[in-house]
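Here is a short report for a reader meeting this structure for the first time. It takes up helices, a surface patch and salt bridges in turn.

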Amino acid sequence: MEPDTKATDTEETNTEETDGEETDGETTDAIAVIVDQWGRERPDLDATPMLVIGRLFRLTQTLDQRLRPPFAEAGLGSGDFDLLAALRRTGAPHALSAGELSRTVLVTTGAITKRVDRLEARGLVSRTVDETDSRGRLITLTPEGVALTDELIAVHLDNQRRLLAGLGKDEQADLAGLLERLALALATNDD
C-alpha cells in the first residue's frame with residue numbers, strides 16, 4: 001500500500017532540512033532541530049510529538065523515494081505494483097473485483113479503474129465477467145503479470161531489508177510492534 005504523505009504541517013515535512021545540523025560536535029536530525037527551536041521560542045508548548053510524527057513523515061518520503069525505482073524501471077506507475085501484489089498474494093486464480101481491490105489497497109474504485117486500464121494495456125491483468133454475478137467484473141493477473149510480480153516482490157523485499165539494515169532484528173521487531181500499536185490506537189480513536 002502506498003501511504004498518503006500529504007502533511008498538514010509543512011514544518012514537519014520540509015525536505016530542505018533533511019541533513020540535520022551539527023550541535024556541540026554531534027549531528028542531530030532536522031526534526032530534533034525543529035523541536036529544539038520551538039522549545040526555545042515557545043517553551044510553553046510541548047513540541048515533542050513532532051519527534052515521532054515529523055520523523056514518520058520524513059521516513060515515509062525517504063522510503064517512497066528509495067522503494068520506487070525498481071517499479072519505475074519496470075514501467076509501473078505509482079500504485080501499480082500494489083494492485084499487482086494484491087492480486088498475486090490472493091492465490092490462484094489471482095482474481096478480485098474492483099471493490100475487493102479497492103478495500104485491499106485502500107484507494108477508490110476510480111483509482112483502481114485507472115490502474116487496471118494501464119496494466120491491462122500492458123497485458124499484465126485482464127478483465128473477465130464474474131461467473132457468480134454477470135454484472136460484475138473480475139480483474140485477474142495474466143501469466144505475464146504473475147511473472148513480473150514475482151520478480152519485483154523479490155527485489156522489493158531485498159530493498160526493504162537493505163533499508164532496515166541499520167536496525168538489528170530485535171529493534172525491527174520492536175519498531176514493528178510500536179507501529180502496529182500506533183496504527184491500532186489511531187484506528188480506534190478516530191476523531
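Helix 9 is hardly covered: among its 20 residues, the count of buried ones is zero. The model shown is a predicted one.

**Helix 9 and the nonpolar patch**

Helix 9 runs over residues 169-188. At 1.5 Å a residue, its 20 residues should span 28 Å. The C-alpha atoms at its ends are 29 Å apart, which agrees.

Which helix gives the most to the nonpolar patch? Helix 9 does, with four residues. The patch lies on the surface and has an area of about 670 Å². Its makers are Val52, Ile53, Leu56, Leu164, Leu167, Leu175, Leu179, Leu182 and Leu186. Helix 3 (49-67) also takes part: helix 3 and helix 9 each supply at least two residues of the patch.

One of the patch residues is Leu56. Leu56 has its place in helix 3. Its relative accessible area is 30%, and Leu56 is partly exposed.

**Helix 7, a helix with a buried side**

Helix 7 covers residues 109-121. With 13 residues at 1.5 Å each, helix 7 should span 18 Å. Its end C-alpha atoms are 18 Å apart, so expectation and model agree.

Which residues of helix 7 are buried? They are Ile112, Arg115, Val116 and Leu119. Seen down the helix axis, the buried residues of helix 7 fall within an arc of 105°, so they line one face of the helix. A general rule of helix geometry helps here. An α-helix has 3.6 residues a turn, so residues three or four places apart point the same way.

The face of helix 7 turned away from the buried side looks outward in its residues: Lys114 and Ala121 there are exposed. Just after helix 7 comes Gly123, with a positive phi of about 80°.

**Salt bridges**

How many salt bridges does a search of the whole structure find? The search finds nine. Three of them are set out below.

| Salt bridge | Closest N to O |
|---|---|
| Arg42 and Asp44 | 2.6 Å |
| Asp64 and Arg68 | 2.7 Å |
| Arg127 and Asp117 | 2.7 Å |

Take the pair of Arg42 and Asp44, which meet through their side chains. Arg42 is partly exposed, at 35% relative accessibility. Asp44 is exposed, with a relative accessible area of 54%. The cut-off explains the two labels: exposed means over 50%, and buried means under 20%, with partly exposed in between.

Next come Asp64 and Arg68, joined in a salt bridge. Asp64 is partly exposed, with a relative accessible area of 30%. Arg68 also counts as partly exposed, at 30% relative accessibility.

The third pair is Arg127 with Asp117. Arg127 lies in strand 4 (residues 125-130), while Asp117 lies in helix 7, so the pair ties together parts that are ten residues apart in sequence. Is Arg127 buried or partly exposed? At 32% relative accessibility, Arg127 counts as partly exposed. Asp117 is partly exposed too, with a relative accessible area of 38%. This pair belongs to a network: salt bridges that share partners join Asp117, Glu120 and Arg127.

**In short**

Helix 9 has zero buried residues, and helix 9 gives the most to the nonpolar patch. In helix 7, the buried residues line one face. Helix 7 is also tied to strand 4 by the pair of Asp117 and Arg127.

Key. Residues numbered from 1 in each chain as written. Predicted model: local features only at pLDDT ≥ 70, side-chain atom pairs only at ≥ 80, totals over all residues. Heavy atoms only, no water. Salt bridge = Lys/Arg side-chain N within 4 Å of Asp/Glu carboxyl O. Buried < 20%, exposed > 50% of the residue type's maximum accessible area, 1.4 Å probe, protein only. Expected span 1.5 Å × (residues − 1). Arc of directions from axis to C-beta. Patch = residues over 30% accessible without salt bridge, like charges linked within 9 Å, V, L, I, M, F, W, Y side chains within 5 Å. Areas by Shrake-Rupley, 256 points an atom, 1.4 Å probe, with all protein chains shown as cover.
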